[in-house]
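Work through the exercises below with the sequence and the model at hand. Each task is followed by a solution in steps.

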Amino acid sequence: MSAPKPLQNCGKCGLCLMACPVYKVLKEEQASPRARLQLIKAFENKTLQSSPLLKELISKCLMCGSCALACPSGINHYEKFMDMRQKMVKDLGETPAIKSLIYLLSKESRIRRGAGMAKLGQKLTPAWLANKHCMGNIPLNQLPGISRIPLRKKMTTAIPARGAKKGSLVYFTGCATNYIYKDTGLSMISVLTRLGYDLIIPQDQTCCAIPLLFHGARDQALENMVTNITALGAHECDGILVDCTTCGAALKDEYPALIRKLMAEGSTKGTPQASWETLAVQAKKIADKTTDILSFISAHKQDLVFDKATPNLGKVAYHAPCHSRNSFNTWPLVQALLKELPFIDYTPTPEEAECCGGGGTFFYEHPKTAKKIMDKKILHIKEMKPRYLLTDCPVCRINLTGNLDTGKTDQPGKIKTGKIKTGKIKTGKTYEYKDIQVLHPITLIYNALKKDAWKKDAWKNDH
Ligand code: SF4
Ligand code: SF4
């Protein structure tokens with residue numbers, strides 16, 4: 001038997017430790033990226049067996065990618081963690097809640113039914129119960145409502161450009177915009193069609209598969225990938241737009257990478273090689289065309305016509321989702337864009353691009369750690385007191401909105417939605433704090449565009 005191959009060339013320098021949001025709050029070596037790599041190495045070398053503790057340590061990671069960015073040895077932590085998660089699930093299975101999530105997300109018809117049931121559940125849950133219980137670190141009464149009708153069901157597949165046509169775009173909506181944050185979707189449609197683009201919203205798209213990959217459900221993830229590659233590839237277009245950088249990272253990085261990996265591993269046996277090669281070509285084509293909305297807006301900002309009467313909206317902060325910093329690299333572009341918007345005072349908070357602790361389902365699986373990570377964020381936001389907090393990831397939006405209202409941070413005072421309030425800090429100093437509304441930046445941009453430009457939109461009443 002040949003000697004086991006070393007899995008990585010970690011020099012144990014520790015640079016990844018201070019980049020890791022989990023390590024920073026727990027300060028335990030076993031919660032560090034460096035330790036996770038060593039655990040994976042020991043597991044691969046068969047000096048460590050699968051166990052619930054090992055699975056727990058591997059899962060206590062936000063999959064944020066910050067460690068890989070900091071690592072001078074160029075280790076691809078993301079891929080190693082993803083593979084290890086898959087092995088842990090194979091050996092030990094999943095919890096019933098995560099199993100149900102995987103079941104729901106692996107077919108669009110199930111997501112639709114699940115959203116319907118969640119809506120009914122929200123309606124039937126008595127207020128006293130919702131006030132008392134949490135989903136992970138988010139109180140039930142702070143969770144966003146599920147849309148009555150999903151965005152894609154409400155919109156026709158093809159929406160024509162307003163005015164002179166410049167091209168056509170396909171819109172990958174993602175699940176959260178489709179079922180929860182319709183304001184983001186409608187703003188996307190408004191802005192892009194007004195910029196002169198025909199918009200195609202494929203009805204047969206489904207979950208981008210990132211949550212499935214995070215939970216080691218590679219077969220189900222592959223099914224979703226094939227569905228999306230078929231749905232998106234069916235339309236000739238100049239670009240594929242996403243409103244979430246996590247979905248964008250799936251289309252741009254994960255789809256081509258997984259297909260290449262399966263082909264290299266020989267895991268494609270039983271299916272003609274030619275069909276895998278075709279799939280790989282289609283995935284690459286989709287990856288090359290995928291852009292996130294804020295990069296697109298940055299490149300077309302000269303064409304936006306803002307209403308001169310838009311009042312200054314005051315201080316605005318931004319939370320950069322992990323994928324926008326570590327995979328998509330849009331963070332500097334977004335900062336530059338926000339600085340240029342004439343109707344806001346964009347003020348970066350300290351640690352603007354630090355993870356909020358959402359991490360897909362991390363906030364649900366590790367609520368105490370997620371809360372510690374979030375508390376640091378809340379502290380900075382409360383100190384700055386912006387009117388709007390912008391973010392281009394729906395999970396971050398859920399997590400931030402859910403926690404901004406709890407008031408359970410180290411700081412005295414409570415940020416509430418609703419009217420402007422005056423609070424008294426326990427030190428006796430009185431200060432004024434305003435509601436903070438968490439939104440996708442595209443919604444603020446939409447709201448500031450010239451109003452008469454929107455009158456003829458047939459779907460405007462839905463907004
Ligand atoms: S991906 Fe993020 S949370 Fe996970 S180990 Fe790396 S830095 Fe830490
Ligand atoms: S930064 Fe890279 S080389 Fe240094 S300890 Fe972390 S994983 Fe190892």
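A residue counts as near a molecule if its C-beta atom, placed from the backbone, lies within 6 Å of that molecule. The model used here is a predicted one.

**Exercise 1.** Find how many residues surround ligand 1, and say which are the closest.

Solution.
- Step 1. Collecting the residues around ligand 1 gives 14.
- Step 2. The closest of these are Cys-20, Pro-33, Cys-61, Cys-64 and Cys-67.
- Step 3. Next, look at the elements: α1 (21-26), α2 (33-44) and α4 (66-70) are those that give two or more residues to the shell.
- Step 4. By residue class, the shell around ligand 1 holds 10 nonpolar residues, three polar and one charged.

**Exercise 2.** Describe the shell around ligand 2 in the same steps.

Solution.
- Step 1. Ligand 2 is surrounded by 14 residues.
- Step 2. Cys-10, Cys-13, Cys-16, Arg-34 and Cys-71 are the closest to ligand 2.
- Step 3. Helix α2 supplies three residues, the largest share of this shell.
- Step 4. Nine residues of the shell around ligand 2 are nonpolar, three are polar and two are charged.

**Exercise 3.** Give an overview of the protein, then locate its largest nonpolar core.

Solution.
- Step 1. Count the elements: the protein has 22 helices and 13 strands.
- Step 2. Of its 463 residues, 43% are buried.
- Step 3. Take the contacts between residues at least 6 apart in sequence: 78% of them join residues at least 24 apart.
- Step 4. The largest nonpolar core contains 119 residues, and those with the most contacts inside it are Tyr-171, Leu-192, Leu-199, Ala-209, Leu-251 and Tyr-255.
- Step 5. Helix α14 (residues 245-265) contributes seven residues, the largest share of this core.
- Step 6. Now follow Leu-199: neighbours within four places in sequence aside, Leu-199 is in contact with Ile-159, Leu-169, Tyr-171, Ile-189, Leu-192 and Thr-193.

**Exercise 4.** At roughly what angle do the axes of helix α13 and helix α15 cross, and which residues make the contact?

Solution.
- Step 1. The helices are α13 (residues 218-233) and α15 (residues 273-289); their axes come within 10 Å and cross at roughly 65 degrees.
- Step 2. The crossing of α13 and α15 is left-handed.
- Step 3. On the α13 side, the contact is made by Val-226, Ile-229, Leu-232 and Gly-233.
- Step 4. On the α15 side, Leu-279, Gln-282, Ala-283, Lys-285 and Ile-286 take part.
- Step 5. Sorted by class, the residues of the contact of α13 with α15 are six nonpolar, two polar and one charged.

Methods:
Residues are numbered from 1 along each chain as its sequence is written. Chains are lettered from A and ligands numbered from 1 in the order in which they are written. This is a predicted model: local features need pLDDT of at least 70, side-chain atom pairs count only at pLDDT 80 or more; totals for chains, interfaces and linings use all residues. Helices (H or I, at least four residues) and strands (E, at least two) are DSSP runs, numbered from the N terminus. Ala, Val, Leu, Ile, Met, Phe, Trp, Tyr, Cys and Pro count as nonpolar, Asp, Glu, Lys and Arg as charged, and the others, Gly among them, as polar. A nonpolar core is a set of buried Ala, Val, Leu, Ile, Met, Phe, Trp, Tyr and Cys residues joined through C-beta atoms within 7 Å. A residue is buried if 20 or more other C-beta atoms lie within 10 Å of its own, exposed if 12 or fewer, and partly exposed in between; C-beta atoms are placed from the backbone. Two residues are in contact if their C-beta atoms, placed from the backbone, lie within 7 Å. Axes are lines fitted to C-alpha atoms, for helices over the stretch in contact, and angles run from 0 to 180 degrees between N-to-C directions. A crossing is left-handed if the near helix is turned anticlockwise from the far one by less than a right angle, and right-handed if clockwise.
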